[in-house]
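Thanks for coming. Please have the sequence and the model open while I talk, and stop me if you lose your place.

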Amino acid sequence: MFEPFFRYLSLFKSIPQDDRKLIESALTYHALSENEYLLKEGSVSYRLYFICQGIVRIVAQNEQGKEVTHFFLKENQLVTILESFTNDTPAKESIQAACDAEVIAIPKSSLLALYEKIPYLKELISYLTQQTLLTKIQTRNAYLGQDATARYQQFLLRQPEIAMRVSLQDIASYLGITQQSLSRIRKNSR
């Protein structure tokens, strides 16, 4: 059940069996249905998640009260609302399954306790978190200053596996266009 998480960690650092058992004791598995929330805006993020299967999206409410997708994360990525997780403050965004998903959760309190027992784990998790943030920034920057058609084409090039698995509504929200505009762009791209 936790094998995908350890397989991913072992790409960066060999995890001894005793350490693996300690880490495993802190993990929980969660199956999510499409649109189910891992975390709602306004709650404090007390868990770090690893995505085993599926895609989750980071969403927030805009001034008009509509949900806007800020980012998608997929298999083999860590996800939390970092500001909330780090500072124990209410999250300004939500984490929602963009399609059926499976995640592994580790509570912050357990993670901090593990850092005491397995010092290299803190460095490893910090590195992986930084890599996710860098990817997020690079991906979002690729869309800056582009018109809707170019943003959609960039999205298809950069994140094709996400484009095929999430709703058009979520993609339109992420690209900052209406669903009707996205349908028109897709029709004209064929």
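**A walk through the model**

This is a predicted model, so let me begin with confidence. The protein has a mean pLDDT of 94, with 99% of its residues at 70 or more. Confidence is lowest in helix H9, residues 179-189, where the mean is 87. It is highest in strand E8, residues 101-107, at 98.

Next, the overall build. There are nine helices and eight strands in the protein. What radius of gyration would a compact globule of 190 residues have? It would be near 16 Å, and the protein has 18 Å, which agrees. The C-alpha trace spans about 55 × 30 × 30 Å along the principal axes.

Of the 190 residues, 44% count as buried. The protein exposes about 10,300 Å², and carbon and sulfur atoms supply 49% of that area. Now take the contacts with a separation of 6 or more: 69% of them are between residues 24 or more positions apart.

Now the domains. The domain assignment gives domain 1, residues 2-144, and domain 2, residues 146-189. Their centres, taken over C-alpha atoms, are separated by 25 Å. The contact between the two takes 19 residues from domain 1 and 15 residues from domain 2.

I will take one helix from each domain. Start with helix H2, residues 17-26. Which residues of H2 are buried? They are Asp19, Arg20, Ile23 and Ala26. Seen down the axis of H2, these buried residues fall within an arc of 120°, so they line one face of the helix. On the other side of H2, you find Asp18, Lys21 and Ser25 exposed.

What covers the buried residues of H2? The cover includes helix H1 (3-9), strand E1 (28-32), E8, helix H4 (108-117) and helix H5 (119-143). E8 is the strand I mentioned earlier, with the highest confidence.

Stay in H2 for one residue, Arg20. An arginine in a buried list may catch your eye, so here is the number behind the label. The relative accessible area of Arg20 is 18%, and the limit for buried is under 20%, so Arg20 counts as buried. Leaving out residues up to four places away in sequence, Arg20 touches Glu3, Phe6 and Ile15.

The second helix is H6, residues 148-158. Its buried residues include Arg151, Tyr152 and Phe155. Looking down the axis of H6, you see the buried residues fall within an arc of 100°, so they too line one face of the helix. They pack against strand E5 (67-73), H5, helix H7 (160-163), helix H8 (168-175) and H9. H9 is the helix where confidence is lowest.

Now some loops. Leu11 sits in the loop between H1 and H2. Is Leu11 buried or exposed? It is exposed, with a relative accessible area of 65%. Leu11 and Gln64 are 53 residues apart along the chain, and 43 Å separate their C-alpha atoms.

The next loop runs between helix H3 (82-87) and strand E7 (94-97), and Thr89 is found there. Thr89 is partly exposed, at a relative accessible area of 28%. Setting aside neighbours within four places in sequence, Thr89 is in contact with Ser43, Val44, Glu83 and Ser84. From the C-alpha atom of Thr89 to that of His70, 19 residues away along the chain, the separation is 19 Å.

Asp88 is in this loop between H3 and E7 as well. It brings me to backbone angles. Most residues other than glycine have a negative phi. Asp88 is not a glycine, yet it has a positive phi of about 55°. Its relative accessible area is 41%, so Asp88 is partly exposed.

Where is Asn76? Asn76 lies in the loop between E5 and strand E6 (78-79). Its phi is near 65°, again a positive value in a residue other than glycine. With 36% relative accessibility, Asn76 counts as partly exposed.

To go over it once more: the assignment gives two stretches, 2-144 and 146-189. In H2 the buried residues line one face of the helix, and in H6 the buried residues line one face of that helix. For the loops, look again at Asp88 with its positive phi, and at Asn76 with its own positive value. That is all I have.

Methods. Residues are numbered from 1 along each chain as its sequence is written. This is a predicted model: local features need pLDDT of at least 70, side-chain atom pairs count only at pLDDT 80 or more; totals for chains, interfaces and linings use all residues. Side-chain values use heavy atoms; hydrogens and water are left out. pLDDT is the predictor's confidence in each residue, from 0 to 100. Helices (H or I, at least four residues) and strands (E, at least two) are DSSP runs, numbered from the N terminus. Buried means under 20% relative accessible area, exposed over 50%, partly exposed in between (1.4 Å probe, protein chains only). The arc is that of the directions from the helix axis to the C-beta atoms. Contact means heavy atoms within 4.5 Å. The radius of gyration is taken over C-alpha atoms; the globule rule is 2.2 Å times the number of residues to the power 0.38. Accessible areas come from the Shrake-Rupley method with a 1.4 Å probe; for residues, only the protein chains shown count as cover. Domain bounds come from an automatic or database domain assignment.
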